[in-house]
Amino acid sequence: MAGETTGVEIVDAALAGEAAPFAERLVADQVASKLASQDATLWGPEAESEASIRLSWTTLHKSSRPLIGEIEALRTDLRSEGVDRVVLAGMGGSSLAPEVIVATEGVALTVLDTTDPGQVADALAGDLERTVIVVSSKSGGTVETDSHRRIFAKAFADAGIDAARRIVVVTDPGSPFADLSAKEGYRKVFLADPNVGGRYSALTAFGLVPAGLAGADVARLLDQAASVADELAADSVDNPAVALAAAWVAAHEKGAEKVVIGDTGSGVKGFADWAEQLIAESTGKQGTGLLPVAVEGPSAPGFADAKADATPVAVGPAEGAAKISVTGSLGAQFLLWEFATALAGRLLGINPFDQPDVEAAKKAARSLLDNPDALEGGEQPSTVDGAVEVFGSAGVATDGKLADILRAFFASAPENGYIAVQAYLDRLDDASTAVLRGEIAKRTGRQTTFGWGPRFLHSTGQYHKGGHQNGVFLQITGAVEDDLDVPDRPYTLGVLQHAQALGDGQVLAEHGRPVLRLHLTDRAAGLAELVRAVQEAGE
């Protein structure tokens, strides 16, 4: 893999000078070594109780070693039975790390972190005779993951397959899910370290089990993390985590609260999607924080043309407009970015281990599910333009042509604000929706993020409500052709997906943020019309 040497280079001389005092403060306060020894007092008395049960990630390169043999033994048993297709049902920290690991290693894993019926149906259409599903949830109560478990259990049973033998569970010790798994007799239950939060769990069972069952070399991943552990624990300005945290916070204090992440040939695939949750959910609270912007590469809009409100960070060698370069193997990068994020939390004066605003959208969605009338026919579009229905929160202009509506909406973003595109669609069949990020960024000059719903609710959703309140939110929903029932639940996946979009939009509107929802009555046609309208809006 490229970039085996782990390090952080602050390429921009001005930023290096501004970061130096922050680095020296971290060194003087011995923050890195105290973090490595799991000192829960580092983020103040209000954070201490949470931090005291969230710091085991600092030693996972050692404590996760026993998992290696367990994973390999189960993988061998499954292969001997002809079971070699692995599906992962998990959200946020339970899916993002495994996805990066398998993509980087080039092994196959079907990841379900969606409520889109089409995407779930595609996963069901695979060869069930060869399939095992890993259901990952700290509690088991995550609505998306519970829905996937129910749907696959029924599909196995309907196919005459013993469902319990094809379900592997990753959860916390003593969780309701652990109890349910024992009752149902599921094939294997891996108990993760309970003193690790989801976004720091890449090297726990949540990251290693699905990736290892799919064929990734998880022992090597732990070796890579171990190779940098001592360096990250050192109280030195040469500590790469100290340097990275100091640079982020120095830029933030000068008004660059956005961290634009682009890969420059690191050999790691999709790292920015994992880092996005780590940084946004850890720092985006109390009206402050760092907004990660995952982009397509160093030539992408937002990176190549970054303005004073953003810091371009290269994952890999310094290239183009990069002000910071971070190099290293995947396991090393996991630990480095986790250390840097926790250190940045200390400098920002926030608790990097809680997520106080994530639950709000979940509650709103549950409320809508309990009131089906609010979902079925209770809303009427302000405008219909071709295959696109237009809905907006209070104060958002929704009359006229779609291009004019979008032009006005984009203009409502503050000069140093951002535009968030949130697509509640099928991220495989509707993958081309992602082109909107670059198109909008190029035409508006605003930093633009892109997230697939509902998975972003478990990551950047925290920043949207708790971070800097300068975002505007473009939601995209789509008609469902073939819905899927959720066994023993009073809703379908399509209804759940719709409730999640409306619930999040409702919470954002309550925070005073502009929300424009575009519903595609025909997904393919509507998306084509939307791309044309974005292009026209930027002319």
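Me: Which residues lie nearest the centre of the second largest pocket, and what makes a space a pocket rather than a cavity?

Reply: On a 1 Å grid over the protein atoms alone, a cavity is a set of points where a 1.4 Å probe fits but cannot get out, whereas a pocket is an open set with protein on both sides within 12 Å along at least five of seven lines, and lining residues have an atom within 4 Å of a point. The second largest pocket is lined by 29 residues, and Gly270, Ala272, Asp273, Ala294 and Arg455 lie nearest its centre. Two or more lining residues come from each of helix 6 (96-105), strand 7 (258-263), helix 13 and strand 14 (447-452), where helices (H or I, at least four residues) and strands (E, at least two) are DSSP runs numbered from the N terminus. This is a predicted model, in which local features need pLDDT of at least 70 and side-chain atom pairs count only at pLDDT 80 or more, while totals for chains, interfaces and linings use all residues. Residues are numbered from 1 along each chain as its sequence is written, and side-chain values use heavy atoms, with hydrogens and water left out.

Me: Why is Gln462 called buried or exposed?

Reply: Buried means under 20% relative accessible area, exposed over 50%, and partly exposed in between, with a 1.4 Å probe and protein chains only. Gln462 has 0% relative accessibility and therefore counts as buried. Gln462 belongs to helix 19 (residues 461-466).

Me: What does the side chain of Gln462 reach, and what makes that a polar contact?

Reply: The Gln462 side chain reaches the backbone nitrogen of Val358 at 3.4 Å. A polar contact is a pair of N or O atoms within 3.5 Å; within protein, one must be able to donate a hydrogen and the other to accept it, and residues adjacent in sequence count only if both atoms are side-chain atoms. Val358 is also among the residues nearest the centre of the largest pocket, which has 37 lining residues.

Me: Why is Gln30 called buried, partly exposed or exposed, and what of Asp488?

Reply: Gln30 has a relative accessible area of 42%, so it is partly exposed. Asp488, at 69% relative accessibility, therefore counts as exposed. Gln30 lies in the loop between helix 1 (13-28) and helix 2 (31-36), with phi near 55°, a positive value in a residue other than glycine. Asp488 lies in the loop between strand 15 (471-478) and helix 20, and its phi is near 65°.
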